[in-house]
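Trainee: I have just opened this structure and would love some help finding my way around. Could we go through it together, one question at a time?

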Amino acid sequence: MQEYQINIKTKKMISQRKILLITRHGECPKAPDGVNSLDELLPESFSESYKTGAFLRNFVDQENVTPLDTFLKHSGKKRTKYTGEAILTGAFGMKTEPTKPEDLEPYRQRLASQGLDTEQLPMLDFEDIKFSINGFKRDGENGYISKWIANPMATQYDNGEEITSFQECLEIRSECLAKILEQFLKGNKKLGVIASHCCSIDAIVVGALNSGRVTPIRSTKEYGQSFKQGDFATILLDPTDQGYKTTLVRNGQPYETNLHNMLKYPGKSTLDLPPK
């Protein structure tokens, strides 16, 4: 399980901090092609996602976060919804760790009745991303994604197979993150969970990281490695006199981000953006 090292027991927490957790779905059985996943979680994945959520429990308790203050955005696949729901059962201290979809049902009903906002977003899916299955098999996920990021405009992988360019995926997922953040900031929510897939999750996180950089990320090494199943990062939003300071944290490593830049996307009026 990925280690969550950010200290949320700080005096700074008593200041309307918001937390957005971004995760790849938990571990799944492999499809016959050896690359894609079946749309289900392994039993231990439910438990691992529950434990991920448990790291948020101090924040939930100290900030009096309720399901009404919380949202879950997931793709159209059950495995992302189950992952997000299992995380939230851990965050809200449900007593029993789930190990199968049926275990989530009473918690799902309870969270929904208490106001949890759950939404399926097409931009968190992966069907629009064309990738090289042979490239994945040869280079592995981290190797493939690192090459993808290093050559952002490429529409062919190095074996000649047609792919969706990283730049195209980055633009779509960055807009998705911007719109989620926009809703987060305008509403009264304090906690959000985004659950997505391989490639899509890396594009979301790279977009966030690029917001605070002069030169864009060109390798997965610049943020550790590509996201394995069950891996997550958090974006911490801390109030300032001019709005919010944002920091992305992964494996205990903080990365400064820029909210003004994260909220930009084509067609967005600059008048609606926060100060730089």
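Trainee: Leaving aside neighbours within four places in sequence, which residues is D125 in contact with?
Mentor: Keep in mind that this is a predicted model. D125 sits in the loop between β3 (117–120) and α5. Not counting neighbours within four places in sequence, its contacts are S75, G76, K77, R173, H197 and S200.

Trainee: How far away from D125 is the nearest side chain of opposite charge?
Mentor: Good one to ask, since D125 is buried yet has no salt bridge. A salt bridge needs the nitrogen and the carboxyl oxygen within 4 Å. For D125, the nearest side chain of opposite charge is K77, and the distance is 5.4 Å.

Trainee: Which backbone nitrogen does the side chain of D125 reach?
Mentor: Look among the contacts of D125, which include S75, G76 and K77. At 3.0 Å, the side chain of D125 reaches the backbone nitrogen of G76.

Trainee: How many salt bridges does the structure hold?
Mentor: Here is the general idea: side chains of opposite charge can pair when their charged atoms come close. One such pair is D103 with K100, where the closest N and O atoms are 3.0 Å apart. D103 is partly exposed at 22% relative accessible area, and K100 is partly exposed too, at 39%. For the structure, the number of salt bridges is 18.

Trainee: How many residues apart in sequence are the parts that R79 and D39 tie together?
Mentor: R79 and D39 form a salt bridge, with their closest N and O atoms 3.1 Å apart. R79 belongs to helix α3 (residues 78–91), while D39 belongs to the loop between β1 (18–24) and α1 (43–54), so the parts tied together are separated in sequence by 40 residues.

Trainee: Is R79 buried or exposed?
Mentor: The cut-off for buried is under 20% relative accessible area. Its partner D39 is at 25%, so D39 counts as partly exposed. R79 has a relative accessibility of 4%, so R79 counts as buried.

Trainee: Which residues are linked with R138 in a network of salt bridges?
Mentor: Start with the salt bridge between the side chains of R138 and D139, at 3.0 Å from N to O. R138 is partly exposed at 47% relative accessibility, and D139 is partly exposed at 23%. The network links R138 with D139, K147 and D158.

Trainee: Which element gives the largest share of the largest nonpolar core?
Mentor: The largest nonpolar core has 44 residues, and L20, L177, Y223 and I235 have the most contacts inside it. Elements giving two or more residues to this core include β1, α5 (133–150), α7 (200–210) and β5 (232–240). The largest share is eight residues, and the element they come from is α6.

Trainee: How many residues are in the other core, the one with L21 and L88?
Mentor: That core lies apart from the largest one. Its members include L21, L88, A91 and V193, and V193 is also one of the residues in contact with L20. The number of residues in this other core is 20.

Trainee: What separation is there between the C-alpha atoms of T96 and S47?
Mentor: T96 lies in the loop between α3 and α4 (101–113). Not counting residues up to four places away in sequence, T96 touches Y50 and Y107. T96 and S47 are 49 residues apart along the chain, and their C-alpha atoms are separated by 9.4 Å.

How values were computed. Residues numbered from 1 in each chain as written. Predicted model: local features only at pLDDT ≥ 70, side-chain atom pairs only at ≥ 80, totals over all residues. Heavy atoms only, no water. Helix = DSSP H or I, 4+ residues; strand = E, 2+ residues; numbered from the N terminus. Buried < 20%, exposed > 50% of the residue type's maximum accessible area, 1.4 Å probe, protein only. Core = buried A, V, L, I, M, F, W, Y, C linked by side-chain atoms within 4.5 Å. Contact = heavy atoms within 4.5 Å. Lys, Arg positive; Asp, Glu negative; His and termini not counted. Polar contact = N/O pair within 3.5 Å; in protein donor to acceptor, adjacent residues only side chain to side chain.
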